[in-house]
Amino acid sequence: MAELSNAQPSEIVLRLAGVQKYFGSVAAVENVELAVQKNQLVTLLGPSGCGKTTTLRMIAGFEFPTAGQIVIDGKDVTYTPPNKREIGIVFQSYSLFPHLRVSDNVAYGLKRRGVPKEERVQRVREALQLVDLGQFGDRLPNELSGGQQQRVALARAIVIRPKILLLDEPLSALDAKLRQRMRLEIRHLQRQIGMTTVLVTHDQEEALSMSDHIVVMNKGNVEQEGTPSSIYRQPKTSFVASFIGETNLFKGEIVHAANVDGLLVFRADCGFEACIRKADNLEPGRQLLLSLRPETLTISPSQGEAEASPNALRGTVAGINYLGARTVFEIKTPTRDLMVSVQNDAGSEAPVAFVEGQTIRLSWTPDACQIVEIN
Amino acid sequence: MAELVHSSAGVSQGPAPAAPGAKKAPTANYGILLLPSIGTLIAFFIVPLMIMLGYSFRRFDGPAQVGPVHYVIDNYVKFFTDLFYWEVLGRTLVVAAVVATIAVVIAYPIAYTLARSKSRWKTLMVVIVVLPLITNLVVRNYGWMVILSDNGLLNTFLQYLGLPTLTLMFTTTGVIVALTQVLTPFAVFSLFGVIQQINPQLEESVRGLGGTTWHVVKDVLIPLSWAGILAGWLLIFVQAVAAFATPLLIGGGGRAGQLLATLVFTDAISTLNWPFAAATSFIMTAIVLMLIALQGRMLRAKR
């Protein structure tokens with residue numbers, strides 16, 4: 001289809017400025033700023049009711065903002081109806097036309113654009129081949145599996161060469177295995193044809209694996225945005241820290257500088273102390289949250305006597321969840337429970353060297369400590 | 001754990017002996033429940049219908065008389081050789097078709113609004129739609145007379161606006177208006193069901209792909225509600241063919257009031273020509289049955 005674009009990577013295709021949407025007096029979207037660069041896949045991620053779908057529907061033109069501006073390709077389209085926006089949209093429910101054959105479904109947008117029949121047939125064939133459904137043009141949608149229907153919906157959306165492809169929870173109706181494969185396929189396709197894409201999902205794994213850029217939304221606002229790894233590694237708020245991936249959060253405060261250069265001491269309200277990396281905004285006395293990802297914690301057998309060293313805790317193994325590639329331990333400490341994830345050795349016969357009820361020692365490095373604002 | 005196993009074994013033992021009995025039960029007993037309705041249907045519908053069919057093949061032997069058992073097709077020949085009856089038949093079909101078409105067109109937006117509505121006034125809207133059906137037939141038709149007559153509400157209003165007045169009372173137009181009003185709810189309900197089945201996102205898909213409202217209607221709504229459109233149209237057509245009170249009251253004694261059903265009514269009640277009335281009834285029934293067969297064929301062709 002469209003050849004890989006050689007446009008400047010910084011070219012902004014979609015911009016949302018101060019976009020708000022109220023339904024009556026209820027704010028679905030309070031204030032969203034967004035800039036999507038050409039050929040990037042940007043994900044709006046958040047729990048249901050966070051305003052991500054409303055935002056997508058405003059980009060598509062199915063809803064008009066109460067305030068703010070939406071610009072596609074330099075053109076203000078804030079109040080332009082959807083049929084004049086040059087967008088392609090894939091819904092969660094596929095919403096293929098059940099009475100039209102697959103090829104007619106894919107051809108529909110071209111027909112509406114007055115593409116001549118010959119070119120139409122050609123482009124439909126290419127699009128179906130692109131999604132690996134070259135042989136299925138004559139079928140009716142209900143003769144295809146869920147994954148195939150989703151690919152038809154994708155072909156129908158991209159065949160019109162939209163300026164932006166919008167994906168509204170496109171994989172949530174599929175089973176887990178297929179969902180993972182479709183993630184890769186969509187991402188691959190999106191890269192291959194160079195399609196600026198906005199994806200809406202509540203699935204953080206989907207967001208992390210597919211996106212160039214993630215916008216985490218909560219209660220109608222953008223909570224944080226950035227690359228997948230920056231969102232995961234440096235969550236700015238407790239909402240982001242707990243919504244993206246698993247984490248152990250501790251409330252506490254900075255007490256003083258550590259003996260070692262470049263480190264500060266954080267004292268958790270539940271008692272232990274942790275050395276963390278110094279940063280500009282971390283002055284003593286501030287109430288903050290400490291986030292420790294399960295995979296950054298190390299378990300070792302306890303020496304018996306209580307260690308007073310920082311960045312360590314004593315606890316007992318309360319639960320062991322063997323998950324194949326890794327094992328998740330539930331650790332009981334005197335004050336609270338933690339989750340620890342341990343990568344299993346490939347060749348090891350007994351990946352779990354600990355038993356339930358065993359007393360262990362938990363430790364972590366200063367780099368594992370993520371400091372999160374209380375909000 | 002041991003307890004769990006034990007209890008599950010107990011459960012599996014329970015139904016095992018009962019299974020053969022349970023297998024027999026449904027087929028053996030449930031048919032009996034249908035007997036009263038089937039009996040009623042045979043006694044009060046099929047049998048009288050057969051008697052009437054018999055009448056239609058007998059000779060007219062004077063008012064309220066049924067000729068001796070002497071099977072003739074005179075009554076049918078009379079109907080199809082007299083231009084007058086052809087005219088009545090034609091008028092009936094045209095009126096019914098026009099009423100059904102207008103009713104479906106009016107009903108569609110109403111049914112669509114109801115099907116898509118999330119309003120808490122939805123129940124009230126449904127009641128308003130049903131209202132014509134639960135209004136007494138005489139009251140309803142006298143209401144239309146008050147509106148449609150030469151010095152009625154409508155013409156007074158038109159005069160007030162300085163527009164020319166209309167003659168609607170005792171005209172075919174008047175009959176069509178009154179029939180359409182009372183029969184529209186049938187179309188609303190047969191459409192309501194099918195429209196509710198249409199995924200609203202299909203409409204958004206059309207718009208997202210560059211279609212306008214017209215395309216939504218033409219490419220999604222009409223094809224996907226086609227069964228409801230046909231069913232509603234036919235339901236109303238059948239009832240319009242069979243309607244006799246409204247043509248009698250609004251159409252009057254002139255041509256406008258002469259439709260098949262009023263013809264049967266006059267023959268059966270006034271002229272007391274029962275064999276001919278029976279024959280006319282069966283011609284009506286045959287037309288309706290043919291249309292139902294046609295509808296079935298159209299739906300199958302669509303699939």
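In this predicted model, the contact between the two chains draws on 18 residues of chain A and 17 residues of chain B. Joining them buries about 1600 Å² between chain A and chain B, and carbon and sulfur atoms supply 59% of that area.

Let's look at the polar side of this interface. Between chain A and chain B, 11 residue pairs are in polar contact, with both partners at pLDDT 80 or more. Two salt bridges are found across the interface of chain A and chain B. One of them pairs A:Arg112 with B:Asp219, whose closest N and O atoms sit 2.8 Å apart.

Which element gives the largest share of the side of chain A that touches chain B? That is helix 2 of chain A (residues 102-112), with three residues. By type, the side of chain A that touches chain B holds nine nonpolar, five polar and four charged residues.

Now to the annotations and the spans they cover. An unreviewed UniProt entry places "domain: ABC transporter" on residues 14-244 of chain A. For chain B, UniProt (unreviewed entry) lists "transmembrane region" at residues 32-55, 88-111, 123-147, 167-195, 224-252 and 272-294. The table sets out the annotated domain and two of the transmembrane spans.

| Span | Helix | Strand | Distance between end C-alpha atoms |
|---|---|---|---|
| Chain A, residues 14-244 | 36% helix | 26% strand | 25 Å |
| Chain B, residues 88-111 | 100% helix | 0% strand | 33 Å |
| Chain B, residues 272-294 | 91% helix | 0% strand | 34 Å |

In the model, then, residues 14-244 of chain A combine helix and strand, while residues 88-111 of chain B are 100% helix.

Terms used
Residues are numbered from 1 along each chain as its sequence is written. Chains are lettered from A and ligands numbered from 1 in the order in which they are written. This is a predicted model: local features need pLDDT of at least 70, side-chain atom pairs count only at pLDDT 80 or more; totals for chains, interfaces and linings use all residues. Side-chain values use heavy atoms; hydrogens and water are left out. Contact means heavy atoms within 4.5 Å. Buried area is the accessible area (1.4 Å probe) that two parts lose on being put together, summed over both. A salt bridge is a side-chain nitrogen of Lys or Arg within 4 Å of a carboxyl oxygen of Asp or Glu. A polar contact is a pair of N or O atoms within 3.5 Å; within protein, one must be able to donate a hydrogen and the other to accept it, and residues adjacent in sequence count only if both atoms are side-chain atoms. Helices (H or I, at least four residues) and strands (E, at least two) are DSSP runs, numbered from the N terminus. Ala, Val, Leu, Ile, Met, Phe, Trp, Tyr, Cys and Pro count as nonpolar, Asp, Glu, Lys and Arg as charged, and the others, Gly among them, as polar. UniProt positions are given in the numbering used here, feature names are shortened, and annotations may be inferred rather than shown by experiment.
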